[in-house]
Structure formats: structure tokens, C-alpha cells
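Me: I would like to go through this structure element by element. Please reason from the geometry and end each reply on the item requested.

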Amino acid sequence: MIRLILVLALTLFAPSQTSQQYGISYRLAMPHPASHLFEVTVEVTVPANDPSTFIDFQMPKWQPGRYSVADFAANVQEFSAQWQNRALTWTKIDDQTWRVQRQGNRSVTATYKVFGDDLSGTYAQLDVGHANFTGGEIFMYVAGHKPDPVELHIEPPSSWRVVNGRTERPDQHDWKYPNYEVMIDNPTEIGPNWTEDNFKVDGKTYRVVIHSRGDEGARRAAFVRDVEKLVRAETAMWGRPEFDGYTFLFHFAADDRSSDGMEHLLSTQIIEPGILADRGTYDDALRTAAHEFFHAWNVKRLRPVELGPWDWTKLAATRGLWIGEGFTQYYGVEMYHRAGFEDSAGFLQNISETIAAIENSPANKLMSAEASSMAAPFIDAALHRQRTNLPNTSLSYYLKGELIALNLDLLIRGWTNGQRGLDDVMRRAYDEFYVKSANASYYLKGRGYTIDDFARVTSEIAGRDMNDWFAKYVRGVEPLPYDEALAGVGLRLVKSAASQPYTAGIVIDQQDRQSLRLGPLRTDSAAERGGLQQGDVLLSIGGTSVGRENWLTTLNRYKQEDRIPVTVRRFRQTRELTIQLGPPDIYDYRIEEIRNAPAGIKALREAWLRGN
Ligand SMILES: [Zn+2]
Ligand SMILES: [Zn+2]
């Protein structure tokens, strides 16, 4: 019996067991842009002796770089399957899988449409102005055959041009990829209006592709020159990159809504809600570019072990995003400074604000950097159907990771008298895990690192065992050792009462435009202790009627320990409550120079601020 069941099982699940490659080619068309419908055809050719009786076409649940469930299958419609124009039987076997019976045929063609009207770097958009997609939201993979090479043919509307990070010539409509994962890591822009500018650094070609839906204010040439400064700053740290070219794909969406920055192997896609003519938008695009280009090394190549290849039927639990995203956040700020866009005072101010964001967060005592990384599926652009306590319990692995990077960088500089710093940790890790390690999978060169691997490399560079440090500050929630780290370069952290008004822990629900409704309150705050709860509508404070404009000023007429009557509307009744104001729960943080620091220490500070 056991043997019989095994044979049956092997036949039933043949697609995931077989090692023979299938021929897989995709065709993407978009004949009616106003419909927002992409039309996809997938042709699969199966080897003659393949034992499978069916082919499973599967839509991924998410795609790399954004860690929450996206459920791309929700936008699939009009699926069908054929062999030479004869319909084949298919069934939907779960929320992401279409199973097509081969009925003895060696080639099967699946066709479907995908609705897309989000310019987001995660979801696709097709409208009368352009088509933009990343890949996973459009293309189904063949279950069990993700490692197989794939081909893609794109048919744009007439006069629309196609560009992505793997475009090698004008009018290119066909691409070959070594596997599905690489295909969906290649954001593509198709439209009549985008522009392309090029520059070279160290013999490598960089492209700046821009689709502006609003006024550029004649700033494009200056913007491209500024992107080049970032490329020079970052390649100065990492060394000459292994890739031949890299594409910055920008959207200035002018819709006050679309916003994103996403890293890819040979490109980044950056979406701004504003227009290039706006100084703020211009600067924000540059800051984002500083971050995303750093990812070409950190996260895309030097990567946590969980990041590729992926199982697209469930979310990945990734431990190292405080490195992958957090260290990139630190270097994004650093590189913006090193490239000359921000002076040292602005740079230190920027870091101080990050310290304030983390140190003022109630979650800082609850969630470690590693736990934050593991919680990415719940906090990275995730939608919540239930109320959660995440505003109080979850910490950003971007910001906490940025501060871990800051502390490590300064500590290592201090301990080694400026001989080494975090740059050395990053370069050595890149070299060891990406460049020199044997390939761990079909997906990409080298292997991913574990947190223990990263701790070891950090110890080697720092010249001391860093395992305890990682236990305290990465896996634990101990306050970061700012004093020691900053003192090593002649700086100190100054904490003071917040310049912002006291909120008593009250958070206003920004979704409710009509009334002063409360959102999730700050945990263990005066408001919570006084019995206020989420959903209450705040009517008066101390007898004064309050609205959006005056509630904070009204509250701030009172001082610590005062007991104040408050009225709220709850369940269609008015209730009287009393809150007793507590000490401030928010502080300002400022980094300042230690004036009498020895000359040697000051020299370390200058070296850090110069980026060497
Ligand atoms: Zn576009
Ligand atoms: Zn990032």
C-alpha cells in the first residue's frame, strides 16, 4: 500500500518533483490602455517523457521588496487554457492557482487578463498615459518550474516605447531571463513620453529614465547631474560594481498620491507624488535614489539568507531587514551627505530626528530589531482588517537599523582609532557572501547570510567578539549605547523636553474628517489611564469645545498633574471623564560636539563626516 500511494503521489505532484526544464514563454499585450487590462499569454512546452498530467499556473502572493501579502490573484480575470485553439479543462484549486489538464498535449497555452491601475512599484498600472509593472503582479509562474529559463515578448501600443534595466537596444521587445525570479525583478515602463539620459562612471553606463506627468521646470539636466554625484559617492565606497549598467527609473506622478522607491538587481524604480519642478520633490527623489542605489549591493546582492529564491505561496520571515533596509537607510543619509547635498549640521540633525523617532516610540522597549524584521509582513504596507496594537508595539526596522548602523560605525571607528568602520564590514560581507561563496541556489550568485554570519564579520572588522553586542541591541531591546558610540568621535547626545506640544497620548483619527475622533491611543498614557478609548469623539477639554484646530492648544493650557474634565461622545451618548496630565512622554534629541575633545578624537569625527 505504501508503495502504491508513493507512486500515485509522485504522479500527482509531478510538476514540483521533476527536474526537467519546461519551455516557458510569456507574451504581454495592452491593446486597450483605458481598460487598465494587461493581456498575458503563457506558453508552456513539456518534455516528451514528462509524467505530469496537469500544469499549475500560480500567481505569487507577494513580491520581493514589499513583505506583506499583496494577493495579486485578486486582479486576474478571464483565464482560459488551450492547445492549438482547442480549449483545455482547468480548475481553480486555491486562491492563487489555476490547474490546467494537459490531456496528453505537450504544449499548453494559458491566457488571462490582469487589471492594474496603481502606480506603486508593487502593483501595476495601465492607463492612457503609460504601462508600468514590476512583474509578480502580472506574470503567473509554472509551479515546480520557477528555476527554468523564461522568455518575455512585449507588444506595446503603437508609438509607445519599452524600457527597463535590462534594455540593451532601442525598440527591444524581447527578453530572456535565467529564471522567473529574475524576470519579476525588472520594473518596466512602456509609454510615449518618457525620456532617457545617460552618464558613465568607471566605464559603467547609468541611465536616468524619467516619466513626468507634470512640469519639470527645466530641472531634468541638473537632476541627472545630481544623480551622477550619488553614483560617484556610492561607488567610491563599494568599488567598481560588477554590473555593466544600471537604470534609475523615475516617475514624477503629479497625482499627490503615488509614492515608492524599490530596489532591483539592475535598476530602481522611484515614484514621487509631486513634480520635478518642486524643490521638495526634487530633493526627495534624490534622497530616495541615494537609498535605493545602495541596495544594488546591500539587499539585492549581499542579502539575508531568506531573500531568494522564494516560496510565493506564503510570506517569508526575514531576520535581517534591519541590515538590508536599516543599514541602507543609514547609508542613504550618509551618501546624500557625502555627495554634498547636505552639510554636516543637516546630516547630524537628520540622525537626531531618527533617534527621537525611535527613542520616543513605546515599541522601543518591546520590539527588538530582529523581531521588527520578522514582523515585516504586518508592518510593511500591510492592510489590516482588524484593529491592531501595532502603533504601540511595532518598531521600524528601517530606523532602528539605521541607528544600529550608526552605533556600530562610530564604535568601530573609535575602537580602531579610525582604521576601520562600518564601510569595511559591508565590503567584507559583500565579498565573502556574494562574490566568493559558492552559489547556494539557482537564483543568484553567492549565498545569503545569517545574523550569526553577519555578527562574525562585524567581530572580525571590530577586532573584538560582538556576539554579546548583537544579543543586547539586535535580539534584545536594551537602549543603544549612544554615549559610548558618539563619544568615540567627540560627540554627545542631548535629551531635552520636547518642543512639540504635549498630547497626553491622544492620537486623532486622520481618516475621520468630520469629527475629532480618537485613533489608537498611546499605550500607558494619561489619556488611556483617564478612560479615553479609540473611537471616542472628543467634544471638550476643561469645558472648552474643541475641534482639530484648538484641541492641542487647549490641552497645553494645563500643566503636569492637573486633573481636567473631558467630554466625549461614545455609543451616541455624551460622557464625562477626567484625565490627569502626566510627565512629557516625548523628548527632543540633539547631537552636539564635545568642545574640549582631544585633537585625535576630533580627527576621527572629521573623517566620519567626510566619509572616509
Ligand atoms: Zn510611466
Ligand atoms: Zn530600502
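Me: Which residue of β7 stands opposite Asp-94?

Reply: This is a predicted model, in which local features need pLDDT of at least 70 and side-chain atom pairs count only at pLDDT 80 or more, while totals for chains, interfaces and linings use all residues. Residues are numbered from 1 along each chain as its sequence is written, chains are lettered from A and ligands numbered from 1 in the order in which they are written, and side-chain values use heavy atoms, without hydrogens and water. Strand β6 (residues 90-94) runs antiparallel to β7, with four bridges between them. Within this pairing, the residue of β7 opposite Asp-94 is Thr-97.

Me: How many residues form the connection of the hairpin that joins β6 to β7?

Reply: Strands here are DSSP runs (E, at least two residues), as helices are (H or I, at least four), and both are numbered from the N terminus. Strands β6 and β7 are antiparallel partners. The hairpin passes from β6 to β7 through a connection whose length in residues is two.

Me: Which residue of β7 stands opposite Ile-55?

Reply: Two strands are taken as paired if DSSP finds at least two bridges between them. Strand β3 (residues 54-58) and β7 are joined by five bridges, in the antiparallel sense. In this pairing, Ile-55 is placed opposite Val-100.

Me: Why is β7 described as largely enclosed by the rest of the structure?

Reply: Buried means under 20% relative accessible area, exposed over 50% and partly exposed in between, with a 1.4 Å probe and protein chains only. Strand β7 spans residues 97-101, and β3 and β6 both pair with β7 in the antiparallel sense. The strand is largely enclosed because, of its five residues, the number buried is four.

Me: Which side chains of strand β12 (residues 150-155) point to the buried face?

Reply: The side chains along β12 alternate between two faces. Glu-151, His-153 and Glu-155 point to one face and are not buried. The other face carries the buried side chains of Val-150, Leu-152 and Ile-154.

Me: In which sense does β12 run against strand β1 (residues 23-29), parallel or antiparallel?

Reply: In general, strands of a sheet pair through backbone hydrogen bonds, in either a parallel or an antiparallel sense. Six bridges join β1 to β12, and Tyr-26 has Leu-152 of β12 as its bridge partner. Leu-152 is one of the buried residues of β12. The sense of the β1-β12 pairing is parallel.

Me: Which residue of β14 stands opposite Glu-151?

Reply: Strand β14 (residues 174-177) is joined to β12 by four bridges, and these strands run antiparallel. Glu-151 of β12 belongs to the face whose side chains are not buried. Opposite Glu-151 in β14 stands Lys-176.

Me: Which strands stand at the edges of the open sheet of four strands?

Reply: The sheet has the order β9-β10-β15-β13, with antiparallel pairing. Each edge strand has a single partner, so one of its sides is left without a neighbour in the sheet. The edge strands are β9 (125-127) and β13 (161-164).

Me: What is the bridge partner of Gln-125 in β10?

Reply: Strand β9 is joined to β10 (residues 130-135) by three bridges, and the two run antiparallel. Within β10, the bridge partner of Gln-125 is Asn-132.

Me: How far apart in the chain are His-130 and His-251, both donors to the zinc ion (ligand 1)?

Reply: Donors are N, O and S atoms within 2.8 Å of the metal (3.2 Å for Na, K and Ca), and since water is not among the atoms, sites may look incomplete. For this ion they are His-130 (ND1), Glu-189 (OE), Glu-189 (OE), His-211 (ND1) and His-251 (NE2), lying 2.0 to 2.6 Å away, and the donor residues are spaced H-x58-E-x21-H-x39-H in sequence. His-130 and His-251 are both buried. The pair links distant parts of the chain, His-130 lying in strand β10 and His-251 in strand β18 (residues 245-252), at a separation of 121 residues.

Me: What is the sequence spacing of the donor residues of the zinc ion (ligand 2)?

Reply: This ion has protein donors from His-291 (NE2), His-295 (NE2) and Glu-325 (OE), at 2.0 to 2.1 Å. Among them, His-291 and His-295 are both buried. Read along the sequence, the spacing of the donor residues is H-x3-H-x29-E.
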